[in-house]
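Student: Please take a close look at one part of this model, the contacts between side chains.

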Amino acid sequence: MVDTLIELLESLGYTVYRQGSLAGQSYPDSFFTFWENDSPDHAHYDNQSYGTAYDFSVYFYSNDPNLCYSVIDQTRTTLKANGWVVPSKGFDVASDEATHIGRGLQVYYLQTERE
């Protein structure tokens, strides 16, 4: 599922990094990061799961505050169009660089065993 998420985020025209992997490096002007929070089995019947419920945090950082908001809106639209659950319009994210701000989304995907 990580590869699918990265592919969708990259389709928006920005590089994607795993959260925390830029430590000690200069930030690009604008970029995505993500973190997989959990991937539990989904619903058990007769001690058998029928899928996996993926939970990711997706963050977009930019030195252009307006871009941060518009790209997060695009991200939400793109993920929802591809079957992801995105229950909010985003939230502020701390940045380690004074030149950048961050916006984030909590996103979910239910992958069934039939997929």
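Tutor: What follows deals with the salt bridge and then with the aromatic rings. This is a predicted model, in which local features need pLDDT of at least 70, side-chain atom pairs count only at pLDDT 80 or more, and totals for chains, interfaces and linings use all residues. Residues are numbered from 1 along each chain as its sequence is written, and side-chain values use heavy atoms, with hydrogens and water left out.

The structure holds one salt bridge, a term for a side-chain nitrogen of Lys or Arg within 4 Å of a carboxyl oxygen of Asp or Glu. The side chains of Asp92 and Arg103 form this contact, at 2.8 Å from N to O. The pair links distant parts of the chain, with Asp92 in strand β6 (residues 91-93) and Arg103 in strand β7 (residues 101-112), eleven residues apart. Strands here are DSSP runs of E, at least two residues long, numbered from the N terminus. Asp92 is exposed because its relative accessibility is 57%, whereas Arg103, at 10%, is buried. Buried means under 20% relative accessible area and exposed over 50%, with partly exposed in between (1.4 Å probe, protein chains only).

Turning to the rings, the structure holds eleven aromatic pairs. Rings of Phe, Tyr and Trp (its six-membered ring) pair if their centres lie within 6.5 Å; planes under 30 degrees apart count as stacked, over 60 as edge-to-face and the rest as tilted. Tyr54 and Phe56 are stacked, because their ring centres are 6.3 Å apart and their planes lie at 15°. Tyr54 is buried at 14% relative accessible area, and Phe56 is buried at 0% relative accessibility. Ring pairs join Tyr54 and Phe56 with Phe34, Trp84 and Tyr109 in a cluster.

How values were computed
Helix = DSSP H or I, 4+ residues; strand = E, 2+ residues; numbered from the N terminus.
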